[in-house]
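I set down here, in order, what I looked up in the structure shown below. The entries are brief and are meant for a reader who is new to it.

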Amino acid sequence: MAATALPLARAPEFESRICSITGFRVHLAAEKLILVNAVTAVVFLLLGGLMALLVALTRWPAIKLLPADWFYYALTAHGLDMLIFWIIFFEVAGLYLGGAVVLNARLVTPPVGWLAYALMLGGAVLANVMIFVDPSSRTMFTSYVPLKASPLYYLGIVIFAVGAILAVVAFFATVFVAKYEGRYSGSVPLAVFGLVVAGIIAAVTLVGGALTFIPALFWSLDLMPLDPEVYRVNFWSIGHPSQQINLAAMVSIWYILATLTVGAKPLNEKLSRFAFLLYILFINLGSVHHLLVDAGVSIPFKIFNTSYAMYLAAMGSMIHAFSIPGAVEVALRKKGFTSGVFEWLRRAPWAEPGFSSLIFSMFIFGFVGGTTGVLMGHEQINIINHNNLRIPAHFHATVVGGTTLAFMGFTYYVLPIIARREIVGKKWASWQPFIYAIGMLVMIAGMMQAGAYGAPRRVPDSTYAGAPIGVEFSPLMDPMLAVMGVGALIAVTGGLIYILIAVLTLLVGKKIEAKA
Amino acid sequence: MSSHEEHDTRGTMVLVLVFLAWFAFLWLLNMGMLLQVWPVK
């Protein structure tokens with residue numbers, strides 16, 4: 001059913017300002033919510049980053065920093081704070097930015113936005129506190145049954161998810177009302193379309209979250225039994241799909257960064273929109289690759305989801321990953337960099353942190369994360385990789401080298417537009433994506449190779465020292481774990497520079513005057 | 001921008017070929033790893 005657009009003159013007024021950089025009309029209530037969600041995201045990034053350092057220094061055989069119980073504290077907090085809290089708080093900021101600011105519209109029902117924020121923050125803090133005070137809650141990101149955490153831990157996750165659902169509802173209401181009030185005509189811009197796709201995937205994912213964590217909460221209260229296989233199947237309807245929300249949001253940000261940094265326009269917008277639709281239809285099904293070694297899941301179910309569905313989703317990513325560089329190339333050639341095949345790339349604005357973040361994010365996501373993901377989704381290869389360090393190597397390339405780096409680059413634009421502050425330390429900002437990307441690539445290479453030598457994941461001691469049955473590993477595994485540790489140190493340095501720039505910009509950055 | 005417009009995207013085409021070659025290399029590498037453990041003796 002098509003919405004009837006009101007003439008703009010009759011649409012309700014809202015308290016706003018005109019952005020002096022983009023010309024967007026910024027709803028002041030939306031501005032506050034974007035800022036508070038983005039700042040909270042960065043706080044969780046800091047916490048998760050410190051945990052990453054502790055995990056890496058424990059896995060580095062020459063250091064072995066933490067004893068087992070504190071290793072599992074650091075690993076659980078690292079997984080939750082990075083994979084869920086940092087990314088989803090930042091995505092909510094992105095949804096409000098795309099739904100309200102980019103469409104020159106008002107954020108519908110800001111109180112719902114604040115309620116969503118309060119629930120998300122309350123849930124995230126509760127889960128973090130429980131991991132810290134209760135050793136039984138250090139069940140890692142997956143919290144596989146029969147590992148039983150405190151009921152308050154599951155409650156924290158459920159409260160966070162309810163808040164996230166409310167934020168997604170507020171976003172969809174904003175886009176719908178913007179259309180009704182005639183704030184835009186035709187379809188939404190491509191980047192907002194990508195965010196709508198992220199919102200749809202989020203809605204499906206959050207249903208999966210309810211199916212997973214509400215029974216787990218009741219099970220932890222001894223109110224019902226819970227079959228480990230059923231839990232695993234349900235968990236992977238949120239565990240991987242939650243990362244597909246990131247994927248759609250990240251690709252939207254790629255399009256925005258390409259436009260903001262070099263003025264690129266999509267080469268074929270219909271094709272890009274089609275690629276986003278492939279995500280909605282197929283990408284969550286591809287999550288079944290997590291269940292490839294599970295005996296309780298049928299072979300046809302595994303084959304359909306991890307072959308046909310996953311390849312169609314990967315095709316969506318391939319379309320984006322080559323249409324965006326193509327658009328960047330066309331834009332830079334128009335600026336006069338036409339000599340040879342690669343002058344446009346050599347003379348691109350590499351000192352612009354948004355541009356370098358975009359290129360590194362696409363490179364690490366596609367060349368490292370995407371290729372290894374498709375390979376590890378082969379049933380036969382999955383069996384030899386299962387539970388070794390190659391798996392986290394893969395998803396650090398997608399979620400960290402890809403998503404986090406894109407979000408970092410986007411921050412350098414969000415801060416001037418939303419916080420109205422000039423970036424502090426622009427020179428440092430220029431170097432930051434290089435340091436972070438190099439650190440991640442070194443870390444991922446070390447992890448990948450250590451995994452190929454059999455290094456297990458999720459254990460503080462890779463050699464299983466003291467186990468009743470000894471396990472022999474290649475002597476090359478330890479040097480590779482050291483490479484991983486060195487890479488982590490470089491990446492954490494890059495992450496800290498990003499956080500320092502963001503905090504200093506908010507606190508002491510020069511004010512950008514708003515237009516009346 | 002219309003999809004029928006002619007664009008010079010030779011650089012991107014080279015990147016596509018590099019990507020495909022890289023993927024083929026990784027695929028062969030993984031198959032090699034697989035052959036080391038298969039068939040199970």
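**Entry 1: the interface**

I began with the contact between the chains: about 2,400 Å² is buried between chain A and chain B, and carbon and sulfur atoms give 75% of that area. Buried area is the accessible area, taken with a 1.4 Å probe, that two parts lose on being put together, summed over both. On the side of chain A, I noted that A:Phe322, A:Phe367 and A:Leu375 lose the most area to chain B, together 23% of what that side buries. Chain A brings 28 residues to the contact and chain B brings 23 residues, where contact means heavy atoms within 4.5 Å.

**Entry 2: basis and confidence**

I recorded that this is a predicted model, in which local features need pLDDT of at least 70 and side-chain atom pairs count only at pLDDT 80 or more, while totals for chains, interfaces and linings use all residues. Residues are numbered from 1 along each chain as its sequence is written, chains are lettered from A and ligands numbered from 1 in the order in which they are written, and side-chain values use heavy atoms, with hydrogens and water left out.

The predictor assigns the complex an ipTM of 0.89 and a pTM of 0.94. I then looked up pLDDT, the predictor's confidence in each residue, from 0 to 100. Chain A has a mean of 93, with 97% of its residues at 70 or more; chain B averages 84, with 78% of the residues scoring at least 70. Among the elements of chain A, helix α3 (residues 110–133) has the highest mean, 98, and helix α12 (residues 379–385) the lowest, 86. Helices are DSSP runs (H or I, at least four residues), numbered from the N terminus.

**Entry 3: α2 and α3 of chain A**

Helix α2 (residues 68–101) of chain A packs with α3(A) at an angle of about 170 degrees, the axes being 10 Å apart. Axes are lines fitted to C-alpha atoms, for helices over the stretch in contact, and angles run from 0 to 180 degrees between N-to-C directions. I therefore entered α2(A) as roughly antiparallel to α3(A) (over 145 degrees; under 35 is roughly parallel, 65 to 115 roughly perpendicular and the rest oblique). By class, their contact has 17 nonpolar, three polar and one charged residues. Ala, Val, Leu, Ile, Met, Phe, Trp, Tyr, Cys and Pro count as nonpolar, Asp, Glu, Lys and Arg as charged, and the others, Gly among them, as polar.

In the loop between α2 and α3 of chain A I found A:Thr109, which has a positive phi of about 45 degrees although it is not a glycine. A:Pro146 lies in the loop between α3 and α4 (151–180) of chain A; a cis peptide bond with omega of about 15 degrees joins A:Val145 to A:Pro146.

**Entry 4: two further helix pairs**

How are helix α7 (residues 241–262) and helix α11 (residues 353–376) of chain A placed? Their axes come within 9 Å and cross at roughly 140 degrees, and α7(A) and α11(A) are therefore oblique to each other. Their contact has 10 nonpolar, three polar and no charged residues.

Helix α13 (residues 390–419) and helix α15 (residues 477–508) of chain A pack at about 5 degrees with their axes 11 Å apart, which makes α13(A) roughly parallel to α15(A). The contact of α13(A) with α15(A) divides into nine nonpolar, three polar and no charged residues.

Note on methods
Helices (H or I, at least four residues) and strands (E, at least two) are DSSP runs, numbered from the N terminus.
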